[in-house]
2 protein chains.
Amino acid sequence: MTAKPAATPQSSVELPVEAVQARRFEKARSAQATAVLEDYVELIDDLLASGGEARPTDIARRLGVTHATAIKTITRLKREGLATSKLYRGVFLTPEGHGLADRVRARHRLVVDLLRAVGVPEQCAELDAEGIEHHVSDVALDAFALFLKRQLKRQDP
Amino acid sequence: MTAKPAATPQSSVELPVEAVQARRFEKARSAQATAVLEDYVELIDDLLASGGEARPTDIARRLGVTHATAIKTITRLKREGLATSKLYRGVFLTPEGHGLADRVRARHRLVVDLLRAVGVPEQCAELDAEGIEHHVSDVALDAFALFLKRQLKRQDP
DNA sequence: GACTTTTTGTAGCCTAGGCTACATTTTAAG
DNA sequence: CTTAAAATGTAGCCTAGGCTACAAAAAGTC
Ligand SMILES: [Mn+2]
Ligand SMILES: [Mn+2]
Ligand SMILES: [Mn+2]
Ligand SMILES: [Mn+2]
């Protein structure tokens with residue numbers, strides 16, 4: 001199981017190339033698995049913050065899926081401890097869900113800002129960010145923030 | 001079906017906010033659906049270019065999945081006209097598959113380069129790019145290329 | 001209050017992409 | 001040539017996340 005440091009006589013601590021590559025793909029797959037949940041909690045939080053209610057039908061319409069699909073995913077949110085709901089009442093977020101929503105929203109904005117900063121048109125930035133956001137690590141996010149700060153300084157002397 | 005230009009008296013040609021948002025999510029979902037295929041063709045093309053053979057076992061090991069999973073996805077590649085294979089021979093790409101591989105590889109590199117350019121550490125850039133790449137539109141790619149070109153000019157006077 | 005519409009929920013189906021277990025074929029050793 | 005190992009393929013299972021169709025409840029209308 002534990003990848004032996006390898007019988008490569010030349011380099012010492014390096015994993016085999018294949019293993020490194022496999023790890024990349026695995027990470028991308030796991031990010032994808034949480035993407036749907038992230039979008040749901042962010043959207044639910046938005047709805048709760050603005051209108052006051054997050055109804056399954058609204059959620060479905062915003063996401064572009066049927067209400068049956070939305071309800072099923074909401075069930076998963078509840079199972080994972082991110083949301084709660086009672087029959088014919090709207091959906092609410094647990095503290096965990098709310099915390100996730102905040103992080104997801106911040107990340108979404110940062111990704112859009114970075115795309116804009118490197119010259120991506122606004123519409124396109126919003127569109128692409130919806131998918132990209134789920135694959136940006138915290139390290140990259142920090143780099144984005146730093147880049148944006150520096151760029152501001154350069155323009156605002 | 002056709003979204004009526006809306007009964008919003010204020011603005012004229014604007015779709016309802018919900019529809020715009022739904023379109024974003026739909027686009028992200030469809031990008032996700034092709035992500036696996038893109039990674040496969042890129043990897044197969046790499047293997048063919050370097051070693052000369054793309055065997056299911058190698059593909060599986062590089063992707064971090066079992067060979068059964070790899071073979072199943074290869075079946076899908078064939079069904080979609082991207083690859084060919086014969087029993088116990090390796091996998092090959094059709095012209096369409098090869099073309100896709102080239103585009104995917106170019107996009108991958110461009111994404112990594114952009115991440116590096118805005119200050120993301122190399123390891124992290126490679127890691128994140130594996131997921132991000134599938135969600136970057138052509139318009140954004142053009143913007144990335146332009147940004148990189150300009151940044152080069154700034155450093156190489 | 002009766003009736004209609006909307007919302008919500010449930011059931012059942014499909015595909016993609018994971019997995020394990022087992023069968024077969026090819027390749028490598030001896 | 002025989003046999004062991006590796007590669008390949010198949011079968012069957014699971015989950016996630018889509019969908020449609022139907023059922024029940026809530027909300028609006030008259
Ligand atoms: Mn998203
Ligand atoms: Mn988002
Ligand atoms: Mn990828
Ligand atoms: Mn890639």
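Are B:His108 and B:Glu133 buried or exposed? Let's look at this predicted model and find out.

## A manganese site in chain B

Both residues, B:His108 and B:Glu133, are buried. They help to hold the manganese ion (ligand 4), which is coordinated by B:Glu42 (OE), B:His108 (ND1), B:Glu130 (OE) and B:Glu133, the last of these giving two OE entries, at 2.3 to 2.6 Å. Along the sequence, the donor residues follow the spacing E-x65-H-x21-E-x2-E. B:His108 sits in helix α4 (residues 95-117) of chain B, while B:Glu133 belongs to the loop between α5 (122-132) and α6 (138-155), so the pair ties together parts that are 25 residues apart in sequence.

There is a second metal to notice here. B:Glu130 bridges the manganese ion (ligand 4) and the manganese ion (ligand 3), and these two ions lie 3.6 Å apart.

## Meeting DNA strand C

Now turn to the DNA. Strand C is surrounded by 21 residues, and the closest are A:Arg29, A:Arg55, A:Thr57, B:Lys72 and B:Arg76. The residues of this surface divide into 10 nonpolar, 4 polar and 7 charged. Of the strand's atoms within 4 Å of the protein, 62% belong to sugar or phosphate, and the rest to bases.

## Contacts with phosphate

Which atoms reach the phosphate oxygens of strand C? A backbone N or O atom of B:Thr66 lies 2.9 Å from one, and a polar side-chain atom of B:Thr69 lies 3.0 Å from one. In chain A, a polar backbone atom of A:Tyr88 is 3.3 Å from a phosphate oxygen.

Two or more residues each come from α2 (56-63) and α3 (67-79) of chain A, and from α1 (17-50) and α3 (67-79) of chain B. α3(B) gives the most to this surface, with 5 residues.

Notes: Residues numbered from 1 in each chain as written. Chains lettered and ligands numbered in written order. Predicted model: local features only at pLDDT ≥ 70, side-chain atom pairs only at ≥ 80, totals over all residues. Heavy atoms only, no water. Donors = N, O, S within 2.8 Å, 3.2 Å for Na, K, Ca; no water. Helix = DSSP H or I, 4+ residues; strand = E, 2+ residues; numbered from the N terminus. Buried < 20%, exposed > 50% of the residue type's maximum accessible area, 1.4 Å probe, protein only. Near = heavy atom within 4 Å. Polar contact = N/O pair within 3.5 Å; in protein donor to acceptor, adjacent residues only side chain to side chain. Nonpolar A, V, L, I, M, F, W, Y, C, P; charged D, E, K, R; others polar.
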